[in-house]
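Welcome! Here are a few exercises to work through with the model in view, each followed by a solution in small steps.

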Amino acid sequence: MDQLNAVRAAIEYSTEPRIAFFEDPAVDRVLGITMAVAQEVGTVLERLDTLERLLVQSGSLQAGALQAYVPDPAVAKERLTMQEAFVTRLLRVVEQELVALRAEQAERSAAVAAETTASTPPRRADAA
Amino acid sequence: MVHELKHSMLARQTADDLARQRFVLALKRELTGRIRPGNQLIFDARVKPALQSRLRSKAPVDREEIKRGLLADPSWQTWAALTRCSQEMMWATITEPLMRDRERIEAEAKRLRESPQKLGGLDLPAGFVPPAAMREHHIHLQPQGYAYTSSSDDVMAGALYEAGGNLYSMGQGMGGDDSKGFAAIRWIKANRPGFAPRRILDLGCSAGASSVPYAQEFPDAEVHAIDVGAAMLRYASARAESLGARVFFHQMDCSATTFPDGHFDLIVSHNLFHEASDETRNATFREIWRLLAPGGLNVNQDVAIQNATRTPFEQAERAYDVYYNDEPFWESYADADMVPELKAAGFPADTVREIQLGKINGPGHWYAVIAEKPAAASSRN
């Protein structure tokens, strides 16, 4: 089966219902498309990496050489780190929400602590 | 991908296929390792105060309320939508090379199945119908479902399960060479030195990833493995043959097998019970009691998600898998207390215990419940 038909066959083989998590299902749809684009960008990154490595090795590029390249375990590990950095950049907006929440939480606990200290009755100097 | 074992049943993949898989892996690791822990923060900062204010109570909020609260939170929605998306992408990414290579893989399975040098066996009784739950639910969102089979040569369910399972496990932080079977075998050898089972049974074997290690580590034993899907078992059998392991695969229901009483010295299950209803689990425990020979050992390894030790938030958060990863029994399994259930199935109280099984290569540990049939007991109690 050729590339295009395999992509189509994989889609037809999948029978799972679309699930909408957001109030507007269009958001889920856009997210799905965005992630598919992201995956292809990730794939292109790897292609470039392969190309660069091969060029460095041989000084020239031969037909079929790109797809024949098999990364050794060390390279595969490096590549995973690269993908993780890419995904972290991609999900910046999601992580930023958490960072803000964390800061808000810290501020709130600091405020509560300050209030507790302030509301402690001052010890009377002449109590004794 | 960094799959643990190479064999002739794996799809031939291009560099682009492997890059797409690495992307899915990186995405899953990000979501599991960095975004998902934020759900606790979301709950503490927003969902819990909102629930307590609505319920006009400062009391701990119950699991079902928390589920509804999370569902309405925009940050949770984003995590859940991306997690669902990553699972769908995982399947799409591994289905594609399988589709391209399908004819070769099916032919290879047939060659191995019909080879005169075949080591083990495959028994697919005519008319066997997988349990309704396995037909109605597509566990892990596997395309077409775990027990699906389209023809007498179909092996897709097994091929998808192996490739998907490896990618999923690694997305959870497990190493490519992690093995549930080896984790249990290591425990058995350390705790039952000299144990030499004559016959071993692997319940709910899927693609046989755990069955094969038993054949390798107990070469004198006859290893049998059962599951409910024909395409799954056809793949498992061809895979084992390709790896040179002698395993006899059968299509059977784990709660009602056709083996004689006392037939096995060792009965194991790996990640079976979180895919089984309370009823099936208890019937399987009774079946294990019947099938074990006196002096026999039962080891049930599974995911360590027991709710008894979890907060209501953790329980509610983990329920994602029930609703969005089509794991219908994930929560009832987590709620279950299997020790009394095994006792009710016949095992004497002092032979049943829960243990933590160290992983071969991964964070945390597996849960396992162990039961033994005393040497003096008859198979029917």
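A polar contact is a pair of N or O atoms within 3.5 Å; within protein, one must be able to donate a hydrogen and the other to accept it, and residues adjacent in sequence count only if both atoms are side-chain atoms. This is a predicted model, in which local features need pLDDT of at least 70 and side-chain atom pairs count only at pLDDT 80 or more, while totals for chains, interfaces and linings use all residues. Residues are numbered from 1 along each chain as its sequence is written, chains are lettered from A in the order in which they are written, and side-chain values use heavy atoms, with hydrogens and water left out.

**Exercise 1.** Describe the interface of chain A and chain B.

*Solution.*
- Begin with polar pairs: eight residue pairs, both at pLDDT 80 or more, are in polar contact across the interface of chain A and chain B.
- Next, find the helices (DSSP runs of H or I, at least four residues, numbered from the N terminus). Helix 2 (25-58) is one of those in chain A that each supply at least two residues of the side touching chain B, and helix 2 of chain A gives the most to that side, with 12 residues.
- Now look for salt bridges (a side-chain nitrogen of Lys or Arg within 4 Å of a carboxyl oxygen of Asp or Glu). The rule finds four across this interface; A:Glu46 and B:Arg22 form a salt bridge through their side chains, at 2.8 Å from N to O.
- Finally, count residues in contact (heavy atoms within 4.5 Å): chain A contributes 50 residues and chain B 51 residues.

**Exercise 2.** Which residues does B:Phe23 touch, leaving aside its neighbours within four places in sequence?

*Solution.*
- On chain A, the partners are A:Met35, A:Ala38, A:Gln39, A:Gly42, A:Gln83, A:Phe86 and A:Val87.
- On chain B, the partner is B:Met89.

**Exercise 3.** Is B:Glu287 buried or exposed, and why?

*Solution.*
- Locate B:Glu287 in helix 10 (residues 278-291) of chain B.
- Recall the cut-offs: buried means under 20% relative accessible area, exposed over 50%, and partly exposed in between (1.4 Å probe, protein chains only).
- B:Glu287 counts as buried because its relative accessibility is 9%.
- Then check its surroundings: not counting residues up to four places away in sequence, B:Glu287 touches B:Cys254, B:Ser255, B:Ala256 and B:Thr257. The side chains of B:Glu287 and B:Arg290 are joined by a polar contact of 2.8 Å.
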